[in-house]
Amino acid sequence: MITYKRSLKQIPIPLWILFVNSFTMALGFFMLIPLLAVYLLDQLLLSATLVGIIVGIRSFCQQGLMIFGGFISDRLSYKNVICLGVFIRAIGFISFGFASTMTGLVVAAILSGLGGALFHPSSYAYYTVLSTSENRATVYAIREMLSNVGFIFGPVIGAFLLGFNFQWVCITAGVMFLIVFLISYFGMPKLTSNNEATKPFVENVREISSNRKYLKFCALILFVWFLVVQLYVAVPVKLQSLQLLDVNVGMIYSAGALIIVFLQVPLINRLSSRFSPTYLIGLGSSCVTLGLIILGFSSNLVGIYCSVIVFTFGQMFIQPMISKQIADIAPQTLIASYFGFNGLALAIGGMVGNLLGGMLYDLGRDIHINIPWVIFSIVGVTVSFIILSTEIRSRKAQQSKNDVRVKKSI
């Protein structure tokens, strides 16, 4: 507890402003995105495959273009890039409410993703530069906790506004990002990396690509993200298959996030000092896999609630530990670029997860077999085993080195 309080006292004022931004963005994001699949399925009557394409485009544009957003952020003020990103996302979110064609929905998805590609690596670089190695895990945990507070209240507010019109959901979500624009512009100081000699983009990519430890980490995260992105399409599809069309999907998502709000910061603060980020990511991916298995074989609303709780419990470990691992690996001059490069893994995993997930849901419905859940189970068990076994081998190798050092000293 003393360590936790000391970590909080070490957090500077600009980080608290960034915390406010993170909460406001999460509120706007979760106000819209969890309900987007429901709107596309039930009101626009799109197939699960088309829904997966739209959701996948938004995710791919954000994660896939983050490498360019990170490159720009390391050369310009993090503040300016954050402001530009949240403004573009506001336009994208508002556009969802007025798009009735596939073209309009794709444009809205691209704008929404592009905005995230700009502000995401900038904000995480901001977190990294202003935090210390002692309080960094706590800082990331607070950031994710606030995101989950938005996860709780966002869908509830969105569902309330949906009772009037889906356009109100989109406009209000966009306004949240405009508020972040104002807070960032007037409240945050300019901050950049210490990169005095700016290298060309290709040289930055070559330097990052030469880091084998980082590339292996990104490869594993690709498969973890393949599983994580299933939540927002899987739950509406499951409700539709069980003919539970009147159920408030926002309340289901909020139930899982509520547990995270109370447990994430104290658990991450305690466990991060005892276990490595890789180990906790493996634990998280195991929980996400278990959540998908429970969801796939649920036959009632209770099972769906349980699956989302287990799933989001896994998310509690995954995101802050990914951030901490990248911050520990990245050099000071390329922090945003490393976060941006990791977006490629998130983009590929997210796009494949959304597209393949949508196709598997349609296929499973047509042939009346739980094929998507079987595939997700196989992928999840495999990636969790690889992550945890890699960490165990690393610990044994480190212990062997320590034993050798002890013998030499004797």
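## A quick tour of some helices

I91 sits in helix α5. Keep in mind as you look around that this is a predicted model. We'll start with a greasy spot on the surface, then visit a salt bridge, a covered helix and one more buried residue.

**The nonpolar patch**

- F87, I91, V175, L178 and I179 come together as a nonpolar patch on the surface, and their accessible area adds up to about 360 Å².
- Two elements each give two or more residues to this patch: α5 (78-96) and α8 (166-187).
- Which of them gives the largest share? That's α8, with three residues.
- Is I91 buried, exposed or partly exposed? I91 counts as partly exposed because its relative accessibility is 38%, and the partly exposed class lies between 20% and 50%.

**The salt bridge**

- How many salt bridges does the structure hold? Just one.
- Here's the general idea: side chains of opposite charge can pair when their charged atoms come close.
- The partners are K324 and D328, and their closest N and O atoms are 3.0 Å apart.
- Both residues belong to helix α14 (residues 301-329), and they are four residues apart, so about one helical turn separates them.
- K324 has a relative accessibility of 14%, so it counts as buried.
- D328, on the other hand, is partly exposed, because its relative accessible area is 43%.

**Helix α13 and S285**

- Helix α13 covers residues 277-296, which makes 20 residues.
- How far apart should its ends be? At 1.5 Å a residue, the helix should span 28 Å, and the end C-alpha atoms are 29 Å apart, so the two values agree.
- Most of α13 is covered, with 14 of its 20 residues buried.
- S285 is part of helix α13, and S285 counts as buried because its relative accessibility is 1%.
- The side chain of S285 makes a polar contact of 2.9 Å with the side chain of S384.
- If you skip residues up to four places away in sequence, S285 touches V224, I318, S384 and I387.

**L161 in helix α7**

- You'll find L161 in helix α7 (residues 136-162).
- L161 has a relative accessibility of 12%, so it counts as buried, given that buried means under 20%.
- What does L161 touch, leaving aside neighbours within four places in sequence? Its contacts are M31, W168, V169 and T172.
- Take T172: L161 and T172 are 11 residues apart in sequence, and their C-alpha atoms are 8.7 Å apart in space.

Terms used:
Residues numbered from 1 in each chain as written. Predicted model: local features only at pLDDT ≥ 70, side-chain atom pairs only at ≥ 80, totals over all residues. Heavy atoms only, no water. Patch = residues over 30% accessible without salt bridge, like charges linked within 9 Å, V, L, I, M, F, W, Y side chains within 5 Å. Areas by Shrake-Rupley, 256 points an atom, 1.4 Å probe, with all protein chains shown as cover. Salt bridge = Lys/Arg side-chain N within 4 Å of Asp/Glu carboxyl O. Buried < 20%, exposed > 50% of the residue type's maximum accessible area, 1.4 Å probe, protein only. Expected span 1.5 Å × (residues − 1). Polar contact = N/O pair within 3.5 Å; in protein donor to acceptor, adjacent residues only side chain to side chain. Contact = heavy atoms within 4.5 Å.
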